[in-house]
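Got your viewer open? Here is a selection-by-selection walk; keep the sequence panel handy.

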Amino acid sequence: MAPSIRLSPAARSLFDEPLAIAVQGLGPRQQVTLRTSLRDETGELFQASARYQAGDDGQLDLARCPALPGGSFSGLEPMGLLWALQPQKPFWRLVKRDVQSPFLLQLEVFEGHGERSGRLLAQAQHERAFLRDGVRRVPVREGRIRATLFLPPGEDTFPGIIDIHGLGGGLSEPRASLLANHGFATLALAYYQFEDLPQKPKELHLEYFEEAVNYMLQHPQVKGPGVGLLGFSKGAEVSLAMAAFLKNIRAVVSLNAPVAATCIPLSYKAKIIPTVTLYEHKAKATNSKFLDYSDVLDDPFQAPGNQSLIPLEKAEAQFLFIVGQDDRVVKSEYHATEVCKLLQVQGKGNFQILSCPGTGHCIDPPFFPLYPIGSHPVFHKRAVLGGELRAYSKAQVHAWSQVQAFFKKYL
């Protein structure tokens with residue numbers, strides 16, 4: 001019997017779902033190298049490889065067989081060939097613009113453990129999709145809102161979530177599309193540098209975001225009486241401000257947020273929240289010659305009555321702060337801890353913190369590759385964003401399940 005790759009699900013799975021990988025038809029205790037590759041929408045290549053030895057029966061099941069030293073990872077890691085994917089072009093990030101088309105994953109099995117690939121023994125292709133069958137993608141251009149709504153299959157009403165991305169502008173759909181697969185009506189909301197939205201806003205008006213909340217609550221398939229917010233970085237900061245100033249916000253998941261206004265001031269009606277000061281000279285060069293910007297933000301907790309702090313004590317929502325302990329862009333764990341202390345002093349208990357070791361600034365859904373060094377969102381220089389491969393891969397899976405459980409509980 002010729003060697004063959006067995007995958008479950010066989011042909012197609014969702015990007016955030018586990019994929020079972022096995023090889024059959026090998027020789028007893030045969031040594032092989034498995035390689036996965038994936039090209040992004042620009043054609044850039046991501047790859048991972050691992051060394052294995054088949055069992056006495058010539059079977060190799062990644063759920064039961066540890067990878068040997070010498071590849072992208074070692075040990076018992078059934079999903080290692082997916083989470084260890086790394087770009088061949090340095091400092092490149094895996095981005096999905098068109099969520100209606102899947103990524104195509106190539107799997108190959110080579111003979112031996114050499115530095116050079118041995119003979120190709122088996123290969124397979126697999127689609128990693130962002131939309132489950134029946135999930136609808138609806139472009140939204142209502143009033144000022146520029147967004148995409150993802151609706152789960154069926155005619156029911158679903159808990160509503162607004163997904164707000166970090167600095168960088170544009171419209172990012174992967175996280176919202178994946179959440180819709182899990183039963184949430186999710187609005188991916190752009191807020192600058194997209195279509196006719198401002199290119200370089202002088203301030204962010206919460207009235208714009210309020211319009212998005214109202215749009216969701218008026219939608220016949222969104223289950224009220226309130227909505228959830230899922231924000232990353234600047235988007236999480238905006239989400240926290242929305243909870244402090246707007247009605248009908250029930251639950252907020254904050255991914256690595258500063259809890260004070262940064263870079264672009266926030267405003268609502270007559271109230272302006274000014275930004276904390278950034279001190280670029282406080283950036284430190286690391287021994288790898290990249291800059292560590294973790295100390296450039298002024299500490300909003302050190303100045304009493306700081307006007308930049310978001311007044312979270314006004315919020316009625318439940319909060320889940322997900323923070324990377326190795327976040328080198330924002331001291332997000334410190335910010336979350338300090339703001340929760342302030343809430344506690346006010347007699348509030350509407351918060352929880354999920355602290356992720358070995359996790360940097362970027363917390364993406366499961367199986368997106370680690371992006372530890374990239375362009376700083378403000379200074380646009382190459383910067384350490386933080387994170388360590390294996391720990392981050394575990395944090396992604398855990399955080400994603402916690403996000404869903406939190407929204408299911410409070411929405």
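Start by selecting N248: at 38% relative accessibility, N248 counts as partly exposed (20% relative accessible area is the upper limit for buried and over 50% is exposed, with partly exposed in between, using a 1.4 Å probe and protein chains only). Its phi is near 70°, a positive value in a residue other than glycine. N248 is found in the loop between α4 (234-245) and β16; helices (H or I, at least four residues) and strands (E, at least two) are DSSP runs, numbered from the N terminus.

Before you click on, some ground rules. This is a predicted model, in which local features need pLDDT of at least 70 and side-chain atom pairs count only at pLDDT 80 or more, while totals for chains, interfaces and linings use all residues. Residues are numbered from 1 along each chain as its sequence is written, and side-chain values use heavy atoms, with hydrogens and water left out.

**Backbone oddities**

Jump to H380, where phi is near 55°, again a positive value in a residue other than glycine. H380 sits in the loop between β23 (373-375) and β24 (382-384) and is exposed, with a relative accessible area of 59%.

Now for the cis peptide bonds. Pick S8 and P9: the bond from S8 to P9 is cis, with omega near -5°, and P9 is in the loop between β1 (4-8) and β2 (12-14). Then pick G224 and P225, where the peptide bond is cis with omega near 0°; P225 lies in strand β15.

**The two domains**

Colour by domain: the assignment gives domain 1 (4-129) and domain 2 (136-410), with bounds that come from an automatic or database domain assignment. Their C-alpha centres lie 32 Å apart. Across the boundary, 25 residues of domain 1 are in contact with 24 residues of domain 2, where contact means heavy atoms within 4.5 Å.

**The eight-stranded sheet**

Show strands as ribbons and trace the open sheet of eight, in the order β10-β11-β13-β12-β15-β16-β21-β22, with mixed pairing; two strands pair if DSSP finds at least two bridges between them. Which strands stand at the edges? They are β10 (136-142) and β22 (351-356), each with a single partner strand, so one side of each is left without a neighbour in the sheet. Neighbouring strands here are turned by 20° against each other on average, direction ignored; axes are lines fitted to C-alpha atoms, for helices over the stretch in contact, and angles run from 0 to 180 degrees between N-to-C directions.

Zoom in on β11 (residues 145-151) and β13 (residues 185-189), which pair in the antiparallel sense over four bridges. Click F150 there, and look for T186, its bridge partner in β13.

Next, add helix α6 (residues 389-410). This helix lies across β12 (158-164), β15 (222-232), β16 (249-255), β21 (318-324) and β22, and runs at about 170° to β16.

**Going inside**

Select I21, L34, Y52, L60, V253, I322 and F407: of the 65 residues in the largest nonpolar core, these touch the most other members. A nonpolar core is a set of buried Ala, Val, Leu, Ile, Met, Phe, Trp, Tyr and Cys residues joined through side-chain atoms within 4.5 Å. Helix α6 supplies the largest share of this core, six residues, and the core draws at least three residues from each of domain 1 and domain 2.

Centre on I21. Leaving aside its neighbours within four places in sequence, I21 is in contact with R6, L7, L34, L60, D61, L62, L81, L82 and L107. Apart from this core lies another, of 61 residues, among them A243, V252, L312 and V323.

For a helix with buried residues, pick α3 (residues 206-218): L206, Y208, F209, A212, V213, Y215 and M216 are buried. The 13 residues of α3 reach 18 Å from first C-alpha to last, close to the 18 Å expected at 1.5 Å a residue (the expected span is 1.5 Å times one less than the number of residues).

**Last stops: S37 and P66**

Is S37, in strand β4 (residues 31-39), buried or exposed? S37 is buried, with a relative accessible area of 8%. Not counting residues up to four places away in sequence, S37 touches L45, F46, Q47, L85, L104, L105, Q106 and E108.

Finish on P66, in the loop between β6 (60-61) and α1 (80-83). P66 is partly exposed, with a relative accessible area of 41%, and touches Y52, G75 and L76, not counting residues up to four places away in sequence.
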